Amino acid sequence: MGSIGSTVGGVEAEGTCALKDLDKNVYLLKLAGPSAISHNDPFWNQLFSFTLPTPSSSTDAEHLERATVAIVRNFVANNPRTGNFAALAQVFIARTKELKISADCANDIFIWQTHNALFIMRCILKVFVACLTEDEMLQHFTFLSPGSPPDEDSQFLLEDVLEQLFHVIIDVPHMTITYAVHLEAVTAMLVLLSVQLKQHQVLREGPIYHLFTRGRSSKHAGRLVKALLYNFIRRDHFPSLTVHKTPALHHEDSGGGAGGSGGLLYDLASGVATGLWTVLTLGAGTANHQDASSVHPGGDVPLANQSLLLLLGLTNLGETEDVVNPYRAAIVNCTNTQGPVPPERHTFQINFSSLFGALCASQNHDAPTLLLYLLLHYNSSMRTFVLARTDIENLVLPIAQTLYWVEENNSQHVYMSLIVLLILSEDDTFNASIHEVMLSGVSWYTERSLADISVGSLLILVLIRTIQFNMTRTRDKYLHTNCLAVLANMSAHFRGLHQYAAQRIISLLELLSRKHSKVLEQATQSTSPALGGDGVGQVPDYAQDVAVVEEVMRMLLEVVGSCVSGSLQHNPNLLYTLLYKRELFQAYRLQPAFADVTSNIHMVLEFFGARLEQAGSGLTVEQVQAVIKQGSMLIPKERLKHQLQNDFLFQNNV
């Protein structure tokens with residue numbers, strides 16, 4: 001089926017050499033020219049018989065665009081009179097209706113040509129979206145038979161085209177010979193959705209928006225969402241296909257060669273594909289992604305990745321009081337195939353185990369993290385399923401790794417990872433279970449070797465590191481607030497804290513205390529308020545710094561106090577570190593800003609300090625730990641208060 005998806009020897013060079021001949025390609029010239037072409041003209045079979053070499057870089061795409069600019073301009077100018085695009089749409093619709101039968105019969109030639117028809121149409125749609133308004137674009141979908149006058153009742157084809165795209169994605173079986181046409185159908189929908197990229201506000205009106213939300217195809221929203229999810233779950237690799245060697249398929253008489261046709265058709269869509277890859281995901285491509293200009297973004301599983309992007313685009317379509325987003329409703333109400341079928345409100349069932357596995361395997365990318373957030377936040381069945389997993393570490397560890405490399409990941413991915421942890425940490429079972437799973441080592445944690453550490457302790461280390469990075473580098477209030485919120489939700493369930501995790505909590509407090517003292521010193525040395533450009537007094541930077549540092553210190557002290565009151569006997573390493581750094585906490589007693597959140601800590605330090613004095617001086621580490629162990633069973637726990645002022649729920653921190 002041509003060289004779609006694989007560059008064979010010599011193809012790339014051949015395509016590049018043929019660039020100068022693209023504007024002479026007879027098929028392209030006829031398609032873009034002033035003559036109308038009937039939908040049953042043999043020309044279409046000739047046009048669809050080409051192979052598509054894979055472009056190797058965005059530079060090649062730029063060369064192709066420059067080489068075809070004249071043809072594109074002529075097509076846009078002539079098509080309202082010729083109706084050639086409408087004829088192309090008619091041909092595609094007719095072919096698509098036979099696609100399922102062709103797949104069952106393994107008619108790869110028919111499927112290949114149908115793919116090429118969709119590819120050409122998708123590329124032209126990209127030009128329309130980039131250059132025209134929606135109303136102007138819709139005029140190109142008015143089908144006029146050659147020679148017929150304009151007719152207000154002429155068939156409107158866009159909805160028919162969209163309906164057939166649904167049909168391809170939902171009904172055409174997944175086979176090696178249908179992979180490319182599935183990919184093109186998904187990408188064509190992405191191109192249609194890209195009209196949003198030209199708007200300053202979220203679209204809640206417009207022809208294309210209405211077709212997706214209220215058109216004929218919208219009744220199949222649940223089936224489409226299910227199909228896209230299974231594309232994401234399967235993660236099928238792009239197949240290696242055999243090139244057909246018949247001269248007609250290569251357009252040897254076209255004047256431009258096979259490379260020319262293939263190059264043009266890819267290039268018309270490459271620009272918008274790059275834009276969609278960066279805009280419809282959480283942010284511009286990260287280091288984890290391949291070059292977005294590649295024909296297959298996301299490596300060798302393009303159908304999975306493009307399906308995920310389409311799913312995210314559809315589920316985030318705007319809603320109004322009168323229009324409910326059917327795609328979001330579908331993903332909100334889907335249920336597990338392995339559970340009972342609810343009597344109402346479910347749209348479809350999907351294997352949650354397979355979906356969970358796919359999500360765990362892809363959290364190093366931002367788009368799957370956004371999907372995970374949507375499922376956890378909106379779908380109660382999926383959230384319950386995830387929280388009940390006994391292998392929750394498979395999900396937590398890649399998220400922790402994203403936070404660990406905070407400086408190398410885009411901020412949107414980091415934020416979404418934090419929000420996912422915040423949702424999970426609202427559940428007490430999750431907070432308890434992550435301290436029961438032990439790790440023999442963590443290869444990506446490079447600051448020191450970690451042996452026999454729990455997932456919970458590792459997560460604490462990563463969150464502390466992220467807070468420290470933010471306080472010293474990015475200074476983003478919401479980032480450290482969400483990190484501390486996760487720690488606060490977890491704090492009452494800390495169990496068996498690793499020695500290094502306990503040390504890092506107190507080390508961060510020490511660092512913040514020094515910073516707090518320094519900022520206060522700057523405040524006392526300043527004698528006058530800063531003035532703005534209008535002469536009005538402004539809050540000086542040091543005052544803002546004081547407020548931020550005090551907020552972080554209070555929240556971190558609340559975390560320590562909550563652990564002390566809720567699970568003191570289970571965390572001897574934290575208690576040992578508190579006693580070792582007791583002078584730090586003595587200073588907090590004299591500061592009104594912290595006195596109310598340190599009462600538990602002071603009571604514990606006084607209790608164990610007295611027992612250590614009774615045990616004598618010169619105690620070894622082992623002897624101190626023995627005093628701590630014995631004292632943890634004797635301390636009057638009724639004197640410890642629950643001092644965490646708020647449970648940090650997701651909805652209150654976003």
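Helices in these legends are DSSP runs of H or I with at least four residues, numbered from the N terminus. The model shown is predicted.

**Figure 1. Overview of the chain and its secondary structure.** The chain holds 31 helices together with six strands. Of its 654 residues, 56% count as buried. Among the contacts in the chain with a separation of 6 or more, 76% are accounted for by residues that lie 24 or more positions apart.

**Figure 2. Leu 463 and its surroundings in helix H23.** Leu 463 belongs to helix H23, which covers residues 455-474. With a relative accessible area of 0%, which is under the 20% cut-off, Leu 463 is buried. When its neighbours within four places in sequence are left aside, Leu 463 is in contact with Leu 403, Leu 418, Cys 483, Val 486, Leu 487 and Met 490. One of these partners, Cys 483, is 20 residues away along the chain, and its C-alpha atom is separated from that of Leu 463 by 5.8 Å.

**Figure 3. The packing of helix H20 against helix H21.** Helix H20, made of residues 393-404, packs with helix H21, made of residues 411-424, at an angle of about 140°, and the two axes are 9 Å apart. Because of this angle, H20 is oblique to H21. The crossing of the two helices, H20 and H21, is left-handed. From H20, the residues in the contact are Leu 395, Ile 399, Thr 402 and Leu 403, and they meet His 413, Val 414, Ser 417, Leu 418, Val 420, Leu 421 and Leu 424 of H21. Sorted by class, the contact of H20 with H21 has eight nonpolar residues, three polar residues and no charged residues. Two of the names seen here, Leu 403 and Leu 418, also appear among the contacts of Leu 463.

**Figure 4. The buried residues of helix H11.** In helix H11, which spans residues 207-214, the buried residues are Ile 208, Tyr 209, Leu 211, Phe 212 and Thr 213. These buried residues of H11 pack against helix H8 (134-139), helix H9 (158-171), helix H10 (179-193), helix H15 (302-315) and helix H16 (326-333).

**Figure 5. Helix H12 and the residue that follows it.** Helix H12 takes in residues 221-234, a total of 14 residues, and reaches 20 Å from its first C-alpha to its last, which is close to the 20 Å expected at 1.5 Å a residue. H12 is mostly covered, with 10 of its 14 residues buried. The buried residues are Ala 221, Gly 222, Leu 224, Val 225, Ala 227, Leu 228, Leu 229, Asn 231, Phe 232 and Ile 233. Arg 235 follows H12, and Arg 235 lies in the loop between H12 and helix H13 (247-250). Although Arg 235 is not a glycine, its phi is positive, at about 50°. Arg 235 counts as partly exposed, at 25% relative accessibility.

**Figure 6. Ala 106 in the loop between helices H6 and H7.** Most residues other than glycine have a negative phi. Ala 106, a residue other than glycine, has a positive phi near 60°. Ala 106 is found in the loop that lies between helix H6 (99-104) and helix H7 (108-131). At 46% relative accessibility, Ala 106 counts as partly exposed.

**Figure 7. The crossing of helix H27 with helix H30.** The axes of helix H27 (residues 572-580) and helix H30 (residues 599-615) come within 10 Å, and they cross at roughly 80°. The two helices, H27 and H30, are therefore roughly perpendicular to each other. The contact is made by Leu 575, Leu 578 and Leu 579 on the side of H27, and by Val 604, Leu 605, Phe 608, Gly 609 and Leu 612 on the side of H30. By class, the contact of H27 with H30 divides into seven nonpolar residues, one polar residue and no charged residues.

**Figure 8. The crossing of helix H28 with helix H30.** The axes of helix H28 (residues 582-589) and H30 come within 11 Å and cross at roughly 135°. This angle makes H28 oblique to H30, and the crossing of H28 and H30 is left-handed. H28 contributes Arg 582, Phe 585 and Arg 589 to the contact, while H30 contributes Ile 601, His 602, Leu 605, Glu 606, Gly 609 and Leu 612. The contact of H28 with H30 has four nonpolar, two polar and three charged residues.

Terms used: Residues are numbered from 1 along each chain as its sequence is written. This is a predicted model: local features need pLDDT of at least 70, side-chain atom pairs count only at pLDDT 80 or more; totals for chains, interfaces and linings use all residues. Side-chain values use heavy atoms; hydrogens and water are left out. Axes are lines fitted to C-alpha atoms, for helices over the stretch in contact, and angles run from 0 to 180 degrees between N-to-C directions. Angles under 35 degrees count as roughly parallel, over 145 as roughly antiparallel, 65 to 115 as roughly perpendicular and the rest as oblique. A crossing is left-handed if the near helix is turned anticlockwise from the far one by less than a right angle, and right-handed if clockwise. Contact means heavy atoms within 4.5 Å. Ala, Val, Leu, Ile, Met, Phe, Trp, Tyr, Cys and Pro count as nonpolar, Asp, Glu, Lys and Arg as charged, and the others, Gly among them, as polar. The expected span of a helix is 1.5 Å times one less than its number of residues. Buried means under 20% relative accessible area, exposed over 50%, partly exposed in between (1.4 Å probe, protein chains only).
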